[in-house]
Amino acid sequence: MEKIIIIGGGPAGLFAAYKLLKKGKAVALYDHSSGLGKKFLVAGNGGLNLTHSEELKVFASRYGKDEELFLELINEFTPDDLRAFCSELGVETFVGSSGRVFPKKLKAAEILLNWTKILKENENFSLFLNHSLISINQNKELSFKNEGKEVLVHGDKIIMALGGGSWKKTGSDGAWVSMFENLGIKVNALLPMNCGFEKKWSEYFIKNVDRYPLKNIALRFKDQIIKGEAMLTPFGIEGGGVYALSNKIRDELLKKGRANLFLDLKPDLTAEQIEAKLADKKAKTSLSNHLRKSIGIEKEQFILLKEISSTEPDKNIKSLKLELTGIRPIDEAISTSGGVCFSELTNFFELKKIPGVYIAGEMLDFEAPTGGYLLQACFSTANRIVESI
Ligand SMILES: Cc1cc2nc3c(=O)[nH]c(=O)nc-3n(C[C@H](O)[C@H](O)[C@H](O)COP(=O)(O)OP(=O)(O)OC[C@H]3O[C@@H](n4cnc5c(N)ncnc54)[C@H](O)[C@@H]3O)c2cc1C
């Protein structure tokens with residue numbers, strides 16, 4: 001029986017294992033962590049967004065420069081296929097009001113438990129935890145470190161799904177990048193994606209606002225506007241709306257060292273409507289009270305307005321300029337851009353320089369916003385590889 005080696009037990013590696021076993025292949029899965037799917041579990045902390053229910057052409061457009069490739073990939077393994085897979089695992093999913101797809105219990109634990117149980121019960125599956133891949137050569141000889149000892153393994157077919165470079169404590173440390181570069185394989189640098197940004201606040205602001213969620217706002221960077229939410233933090237700003245703009249803001253910061261993000265705290269009111277609502281301020285009412293009572297500007301939002309313009313805080317409600325000065329560390333990012341360049345790979349994500357070695361999941365050089373697009377990419381890329389084996 002043909003045995004396939006998989007390295008990396010995140011969603012991409014685990015899905016490849018599941019499909020290969022179903023195809024009647026034997027699988028040996030290696031991971032340097034003490035457990036499987038650690039980042040997947042973390043992803044479930046804030047509600048596991050598995051995929052999205054939008055039309056596939058719109059879905060594919062989320063992958064920017066790789067839109068065409070992803071249109072093919074998600075047609076081959078669709079968001080509905082991903083939901084059917086969850087159902088095979090005994091986990092029900094639902095479509096939220098935003099069109100995003102979640103497991104009914106919102107968490108990743110049930111999926112992971114049922115998934116790994118099926119793998120472990122299969123006699124053709126062997127698992128090697130605490131095995132850290134340290135090198136691979138042109139002859140597909142793999143060297144792992146396990147409890148201080150070197151373990152050598154040879155594989156004819158190897159699937160690598162080592163993840164990106166954020167949240168190192170989950171095992172995805174991006175250390176594979178130099179391993180690949182040593183083999184002459186082009187890797188685009190891993191950069192934070194879906195990440196927060198730094199803004200220098202005053203001590204007063206940090207003391208009085210600390211962390212504060214800005215809900216139902218609009219965020220504008222250059223010509224892109226996103227309606228959503230953001231979280232003010234002592235370091236700057238993060239959250240869904242910021243993540244959606246994060247690749248553009250990041251690139252501007254890398255180029256120029258500064259980037260201006262504009263917030264509209266009342267996107268549902270026009271400037272004229274705001275002016276009309278604020279027109280009859282009584283002399284004894286403070287401005288903060290007036291803004292709160294007339295248009296619902298909360299105390300923390302008022303401090304934010306004053307932080308940016310102490311003289312005319314009410315004039316900036318629809319276009320509050322935040323001067324961002326840095327990118328939050330890669331370790332805090334939800335995902336990373338960059339990875340193994342597609343030019344190094346065949347259509348089946350097989351390394352041209354080392355035939356028989358395949359690359360799946362976040363290791364690949366693509367980027368996508370949050371919304372289920374990352375996990376769908378992991379499943380769809382693993383699917384194409386297994387279909388070709
Ligand atoms: C806080 C947070 C929330 C998220 N929420 C969502 C969400 O709601 N929806 C969504 O679509 N995505 C979300 N993501 C992103 C998603 O979890 C990742 O894109 C996905 O886990 C990547 O899967 P992967 O299989 O490619 O890699 P990973 O899940 O990163 O797995 C890689 C595996 O490889 C192993 N490994 C790495 N190097 C070695 C080595 N040298 N030797 C042996 N093993 C190694 C690691 O231990 C790990 O188990 C979130 C991420 C974070 C951090």
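**A secondary pocket and an enclosed ligand**

The second largest pocket has a volume of about 240 Å³. The model that contains this pocket is predicted. Eleven names make up the pocket lining: Ala271, Ile274, Glu275, Leu278, Lys281, Leu287, His290, Asp314, Lys315, Ile317 and Lys318. Two helices each supply at least two of the lining residues, namely helix 11 (271–278) and helix 12 (287–295). Helix 11 gives the largest share, with 4 residues. By class, the lining of this second largest pocket divides into 5 nonpolar, 1 polar and 5 charged residues.

The ligand has its own shell of protein. Around the ligand stand 30 residues. Those that come nearest are Asp31, Asn49, Ser172, Glu362 and Leu375. The shell holds 13 nonpolar, 14 polar and 3 charged residues. Several elements each supply at least two residues to this shell: helix 1 (11–22), helix 2 (38–43), strand 7 (132–136) and helix 14 (373–388).

Polar contacts to the ligand involve both backbone and side-chain atoms of the protein. At Ala12, a polar backbone atom is 3.0 Å from an oxygen atom of the ligand. At Asn49, the partner on the protein side is again a polar backbone atom, and a nitrogen atom of the ligand is 2.8 Å away. Asn49 is also one of the residues that come nearest to the ligand. Ser172, likewise among the nearest residues, makes its contact through the side chain. There, an N or O atom is 2.6 Å from an oxygen atom of the ligand. The protein buries 95% of the 1000 Å² that the ligand exposes when taken alone.

At the level of the whole protein, the secondary structure comes to 14 helices and 20 strands. The C-alpha trace spans about 85 × 40 × 40 Å along its principal axes. The radius of gyration of the protein is 24 Å. A compact globule with 389 residues would have a value near 21 Å, so the protein agrees with that expectation.

Notes. Residues numbered from 1 in each chain as written. Predicted model: local features only at pLDDT ≥ 70, side-chain atom pairs only at ≥ 80, totals over all residues. Heavy atoms only, no water. Near = heavy atom within 4 Å. Polar contact = N/O pair within 3.5 Å; in protein donor to acceptor, adjacent residues only side chain to side chain. Areas by Shrake-Rupley, 256 points an atom, 1.4 Å probe, with all protein chains shown as cover. Nonpolar A, V, L, I, M, F, W, Y, C, P; charged D, E, K, R; others polar. 1 Å grid on protein atoms, 1.4 Å probe; cavity = no way out; pocket = protein on both sides within 12 Å on 5 of 7 lines; lining within 4 Å. Points joined across faces, edges and corners; volume = space filled by probe spheres on them. Rg over C-alpha atoms; globule rule 2.2 N^0.38 Å.
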